[in-house]
Amino acid sequence: SRYTKNSIAATVERDTRLDLFDPRSGSVAVASAELVGGVLRGNSQYVRLTASGAAYRPLTRRLTFALRGRAGMLASRGQGPAEGLEDSISELDLIPEEDRFRTGGATTVRGYQEDEIGTQVIFGTDSLGAVTRTAVRRGGAYLFQANAEVRARLVGFLGAAAFLDGGGVWERSSDVTWRRIFSFSDRAGYKDMRWVVGLGVRITTPVGPVRLDYGWKLRMARPEQPDAVTGRGGFAFSLGQAY
């Protein structure tokens with residue numbers, strides 16, 4: 001459906017990295033706040049808060065340790081494009097779908113497809129009675145993401161990396177618990193954070209490394225709440241470091 005969104009946003013950033021393409025030292029921190037609706041009017045009224053930080057430390061002349069954390073929150077103020085619809089069952093339905101949090105992909109949680117975490121599979125049946133799968137980009141109102149990586153310069157323009165990625169999105173604040181964040185067991189549901197370990201290859205270029213990573217899922221999904229893309233992991237190809 002069509003709707004109008006009016007917002008105002010503010011961002012604060014502190015960056016002490018010397019090399020933006022392939023940092024080996026320094027840090028970067030970013031915080032932002034967006035007010036939607038209110039005195040600005042429009043069909044939606046909510047507040048969106050995000051914060052992220054990354055730090056880089058040289059371990060040796062050839063090894064670098066990189067660490068990043070990211071969090072976000074959406075707070076609905078009781079009005080949105082889905083207001084009054086029969087299938088509007090929570091405050092999340094009042095947030096436009098494209099503004100909800102999702103994660104997964106080459107720069108967030110490798111091993112998952114882009115924005116796959118936050119996508120839910122809905123089972124149904126067709127006219128012949130066969131089971132169908134429909135991927136719904138549900139998203140969430142709460143986001144937490146964590147990344148750690150050791151980067152190594154090998155020979156010439158070649159490099160390598162070992163990483164740990166984690167990410168999750170939740171619909172309600174009550175869904176966010178320490179057990180759901182720091183559990184690594186299989187049979188993870190849509191309310192459980194996902195963790196991935198992996199290895200990657202780096203090829204140095206003047207504008208940053210070209211990288212190919214493979215992420216291996218530490219947590220497999222429940223059969224009744226499967227990942228949108230099945231499998232134990234996947235490749236991620238991109239230009240520049242993940243963060």
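Strand 8 (residues 158-170) and strand 9 (residues 194-203) run antiparallel and are joined by 10 bridges. The model described here is predicted. One pairing links Ala162 to its bridge partner Leu199, which belongs to strand 9.

Strand 9 also pairs with strand 10 (residues 210-217); these two strands run antiparallel and are joined by 8 bridges. Within this pairing, Gly198 stands opposite Gly215 of strand 10. The hairpin of strand 9 and strand 10 has 6 residues between the strands, and there Gly208 takes a positive phi near 110°. In a regular strand, side chains alternate between the two faces of the sheet.

Attention now turns to a loop residue. Arg100 is located in the loop between strand 4 (63-79) and strand 5 (120-125). Is Arg100 buried or exposed? Arg100 counts as buried because its relative accessibility is 11%, and the cut-off for a buried residue is under 20%.

Which residues surround Arg100, apart from its neighbours within four places in sequence? Arg100 is in contact with Leu74, Leu92, Asp93, Ile95, Arg137, Arg138, Gly139 and Gly140. For two of these residues, Leu92 and Arg138, the table gives the distance from the backbone oxygen to the side chain of Arg100.

| Side chain | Backbone oxygen | Distance |
|---|---|---|
| Arg100 | Leu92 | 3.3 Å |
| Arg100 | Arg138 | 3.0 Å |

In the contact with Leu92, the side chain of Arg100 takes part through a polar atom. Arg100 can also be placed relative to Val169: the two residues are 69 residues apart in sequence, and their C-alpha atoms are 9.3 Å apart in space.

Methods: Residues numbered from 1 in each chain as written. Predicted model: local features only at pLDDT ≥ 70, side-chain atom pairs only at ≥ 80, totals over all residues. Heavy atoms only, no water. Pairing = 2+ DSSP bridges. Helix = DSSP H or I, 4+ residues; strand = E, 2+ residues; numbered from the N terminus. Buried < 20%, exposed > 50% of the residue type's maximum accessible area, 1.4 Å probe, protein only. Contact = heavy atoms within 4.5 Å. Polar contact = N/O pair within 3.5 Å; in protein donor to acceptor, adjacent residues only side chain to side chain.
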